[in-house]
Amino acid sequence: GELTISSRDWLTSTFESERAHGLLAPWVLHTGLGPDAAASGYMTQVIAVAVQEGGMPIPRGGGAKLVEALQRLIGDHGGSCETGRDVGESVTAARAVIANVTPTQLYDRLLKGDDVPQELAAKAGRFRYGRGDMQIHLALSEPPRWEGDERLGRTAIVHVTPGLDGVSRAVNE
């Protein structure tokens, strides 16, 4: 039962403070769950422990540095990365071709019907898209100036929400 509790139920039974609710509730959105979803309480706890124990590491120079490092690693091992374009030619590989596309793009547009086993094509046809979410990352010329608590200026990620109800509204709108 502990694993299926919602984030809302876990937060309100564990913390009296609305500030604690507002601090922790938005993190569950990073998992694709809302604060009222089953198991979102467990995921909120997992993320809270991870942030507490590991902090919020950010690569020097921004998140693009992580992508650049992965591209170098792939290149150093004989692979290549193609980004920002549809595949217009045949791509073959000794071990694998990794595509970051939707099942619809992969099985309806990129692969020829004969190249896909019927059973796999049938499974792909039954794929159901879930709820989407997004984050907006801004590149600023200087850190934002937060009123009320100077520590926010040293924080890598700030969720702006009035608490659990604000998170719920964001999920449902």
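The following paragraphs describe the fold, the nonpolar and aromatic clusters, the salt bridges and the backbone details of a predicted model.

The chain contains seven helices and zero strands, and the pattern read along the sequence is accordingly α-α-α-α-α-α-α. Of the 173 residues in the chain, 14% are buried. The accessible surface of the chain amounts to about 13900 Å², and carbon and sulfur atoms contribute 53% of that area. Among the contacts in the chain with a separation of 6 or more, 61% link residues 24 or more positions apart.

In soluble globular proteins, nonpolar side chains tend to be buried together. In the present model, the largest nonpolar core consists of five residues, namely Trp 10, Leu 11, Leu 24, Ala 25 and Leu 164. The surroundings of one member, Leu 11, illustrate how this core is assembled from separate parts of the sequence. When neighbours within four places in sequence are left aside, Leu 11 is in contact with Leu 24, Ala 25 and Leu 164, which are themselves core members, and also with His 21 and Thr 44. Trp 10, a further member of the core, has a relative accessible area of 15% and is therefore buried, the limit being 20%.

A pair of aromatic rings is described by the distance of the centres and the angle of the planes. Two aromatic pairs were counted in the model. Trp 10 and Phe 15 form an edge-to-face pair, with 5.6 Å from centre to centre and 90° between the planes. The two partners differ in their exposure: Trp 10 is buried at 15% relative accessible area, whereas Phe 15 is partly exposed at 29%. In the pair formed by Phe 127 and Tyr 129, the ring centres are 5.0 Å apart and the planes stand at 90°, so this pair is likewise edge-to-face. Here both partners are partly exposed, Phe 127 with a relative accessibility of 43% and Tyr 129 with a relative accessible area of 47%.

Nonpolar side chains also occur at the surface. Leu 3, Tyr 42 and Val 46 make a nonpolar surface patch of about 270 Å². Val 46 belongs to helix H3, which spans residues 40–54, and is partly exposed at 36% relative accessibility.

Five salt bridges were counted. In one of them, Arg 8 is paired with Asp 36, and the closest N and O atoms are 2.6 Å apart. Arg 8 lies in helix H1 (residues 7–14), while Asp 36 lies in the loop between helix H2 (18–24) and H3; the salt bridge therefore ties together parts that are 28 residues apart in sequence. Asp 36 is partly exposed, with a relative accessibility of 47%. Another salt bridge joins Glu 119 and Lys 123, with 3.8 Å between the closest N and O atoms. Both residues lie in helix H6 (residues 118–125), and because they are four residues apart, they are separated by about one helical turn. Glu 119 is exposed, with a relative accessible area of 58%, whereas Lys 123 is partly exposed at 47%. The side chains of Asp 149 and Arg 151 also form a salt bridge, with an N to O distance of 2.6 Å.

The loop between H2 and H3, which holds Asp 36, also contains Ala 39. Most residues other than glycine have a negative phi, and most peptide bonds are trans. Ala 39, by contrast, has a positive phi near 75°. This residue is partly exposed, with a relative accessibility of 27%.

Ser 6 is situated in the segment before H1. With a relative accessible area of 8%, Ser 6 is buried, because this value falls under 20%. Apart from neighbours within four places in sequence, Ser 6 is in contact with Pro 35, Asp 36, Ala 37, Ser 40 and Gly 41. Among these contacts is Asp 36, the salt-bridge partner of Arg 8. Ser 6 and Tyr 42 are 36 residues apart in sequence, yet their C-alpha atoms are 7.5 Å apart in space; Tyr 42 is also one of the residues of the nonpolar surface patch.

How values were computed
Residues are numbered from 1 along each chain as its sequence is written. This is a predicted model: local features need pLDDT of at least 70, side-chain atom pairs count only at pLDDT 80 or more; totals for chains, interfaces and linings use all residues. Side-chain values use heavy atoms; hydrogens and water are left out. Rings of Phe, Tyr and Trp (its six-membered ring) pair if their centres lie within 6.5 Å; planes under 30 degrees apart count as stacked, over 60 as edge-to-face and the rest as tilted. Buried means under 20% relative accessible area, exposed over 50%, partly exposed in between (1.4 Å probe, protein chains only). A nonpolar core is a set of buried Ala, Val, Leu, Ile, Met, Phe, Trp, Tyr and Cys residues joined through side-chain atoms within 4.5 Å. Contact means heavy atoms within 4.5 Å. Patches are made of residues with over 30% relative accessible area and no salt bridge: like charges are joined within 9 Å, nonpolar side chains (Val, Leu, Ile, Met, Phe, Trp, Tyr) within 5 Å. Accessible areas come from the Shrake-Rupley method with a 1.4 Å probe; for residues, only the protein chains shown count as cover. A salt bridge is a side-chain nitrogen of Lys or Arg within 4 Å of a carboxyl oxygen of Asp or Glu. Helices (H or I, at least four residues) and strands (E, at least two) are DSSP runs, numbered from the N terminus.
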